Amino acid sequence: MSGANLLKESGPREVFCGLTSIVWLHRRMPDAFFLVVGSRTCAHLIQSAAGVMIFAEPRFGTAILEEKDLAGLADAHEELDRVVKDLLARRPEIRTLFLVGSCPSEVIKLDLGRVAERLNEALIGQVRVLNYSGSGIETTFTQGEDGALKALVPLMPKSDDQQLLIVGTLANSVEDRFISIFKRLGIKQISSLPPRQSTDLPSIGSGTKVLLAQPYLTETAKALKHLGAEILSAPFPLGVEGSILWMKEATKSFGINDSLVNSTLEPLKLRAIKALQPYKEKLSGKKLFLLPESQLELPLARFLHRECGMELIEVGTPYLNREMMKMELELLPEGTRVMEGQHVDKQLDRVREYKPDLVVCGMGLANPLEAEGISTKWSIELVFSPIHGIDQAADLAELFARPLHRNELLNQKVLTTA
Ligand code: SF4
């Protein structure tokens, strides 16, 4: 384990809930539908987070439950049955229906697992009904994906064939690129979870080697391991170094010759380092503070420090899985403050005390910090952008260089007009 300084904090939090992940999951699996069982607040969140889609044919919706629906729980069950029936009549193309729980007390009283079981019996052969929680009490925004993928695991067919399974939503273009590189390196059988169609689930068994593409999939990884898969331990594929180490972990587990791997990856590495150079010049020496939100913070901090020369003031993460993050922690510089959990007031006090050049944080904190003259980067933007892989390293760095550049321009303008 590295000499990172691992700390914990708890108190008031300022993060999005797990419902937010529906925004990228519904794009990934167009034949699935996400029905949030929640309040009007949940409906507003999901509609504004995925606003554009609402005018197309959205693949998410909200069954709004209010106190009156819970006059008796039986009424709530009937109401939910009615909403599902209407939805399926209007949208017969839906193949997988996720019932997504939320945190209003009315919803907590419902056993969505039993509702899903009952609906599955009624809708057998037509649609599969699954459930998971996106509640803000239990989840931060990326953990919604962990819940959805874990719900899919029991439906995966069993097979002990040798295969590489990439787990975690990636942009399709990025995933295609990884698959083509792995094939060139000699790994023939590669599949992904989530798949591009919800019914096209990959198999799982003792020959499956799992490469996690996202760092927030603790529960899904446990469920896959339970079914005999081997979870490969690697840094995450952000930046040139992380992506190469990630791919090498897979090739090592398939016994592929190192010289083939090095000769294939070397030209990609040289090209990516060259593309990274202008952003490295802008970022090098700048102070960075990451507030906890997405669980992507450790791999981002590693990339921004080791490949872009940024100085790490504090690396927050809402949850630290030490086993899964072992290699990321080892790559952080000695003494890095890694803060698990959140006490938002204390963290903001430290931001003001250390005066970082850039803060990575949630949308709710970004505006007030910008008003105080501190440049920010929304962490949610990172889950919507294709940032994984060697080829994307420069684009990833550019996302952090942009707010610094914008602030420089604004400051110049203030100086000129003063
Ligand atoms: S699940 Fe909870 S935190 Fe999320 S939008 Fe609904 S009420 Fe708000």
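These are my notebook entries on a predicted model of a protein with a ligand.

**Overall form.** I began with the secondary structure and counted 16 helices and 14 strands in the protein. I then compared the radius of gyration, 22 Å, with the globule rule, which gives 22 Å for 418 residues; the two are close, so the protein is as compact as a globular protein of that length. Along the principal axes, I found that the C-alpha atoms fill a box of roughly 60 × 60 × 40 Å.

**Burial and contacts.** I looked up the buried residues and obtained 46% of the 418 residues. For contacts with a separation of 6 or more, I noted that 74% are between residues 24 or more positions apart.

**An open sheet.** I traced a sheet of 4 strands, which is open and has the order 7-6-8-9 with parallel pairing. At its edges I placed strand 7 (190–193) and strand 9 (230–231), each of which pairs on one side only. Between strand 6 (residues 163–167) and strand 7, which run parallel, I found 4 bridges. I also looked up the partner of I166 and found S192 in strand 7. Turning to the helices, I saw helix 9 (residues 239–253) lying across strand 6 and strand 8 (208–212); its angle to strand 8 is about 170 degrees.

**Ligand shell.** Which residues come nearest to the ligand? From the 13 residues around the ligand, I listed C17, C42, S102, C103 and G136 as the nearest. I sorted the shell by residue class and obtained 6 nonpolar, 7 polar and no charged residues. Helix 2 (residues 40–49) supplies the largest share of this shell, with 3 residues.

Notes. Residues numbered from 1 in each chain as written. Predicted model: local features only at pLDDT ≥ 70, side-chain atom pairs only at ≥ 80, totals over all residues. Pairing = 2+ DSSP bridges. Helix = DSSP H or I, 4+ residues; strand = E, 2+ residues; numbered from the N terminus. Contact = placed C-beta atoms within 7 Å. Axes fitted to C-alpha atoms, helices over the stretch in contact; angles between N-to-C directions. Near = placed C-beta within 6 Å. Nonpolar A, V, L, I, M, F, W, Y, C, P; charged D, E, K, R; others polar. Rg over C-alpha atoms; globule rule 2.2 N^0.38 Å. Buried ≥ 20, exposed ≤ 12 C-beta atoms within 10 Å, placed from the backbone.
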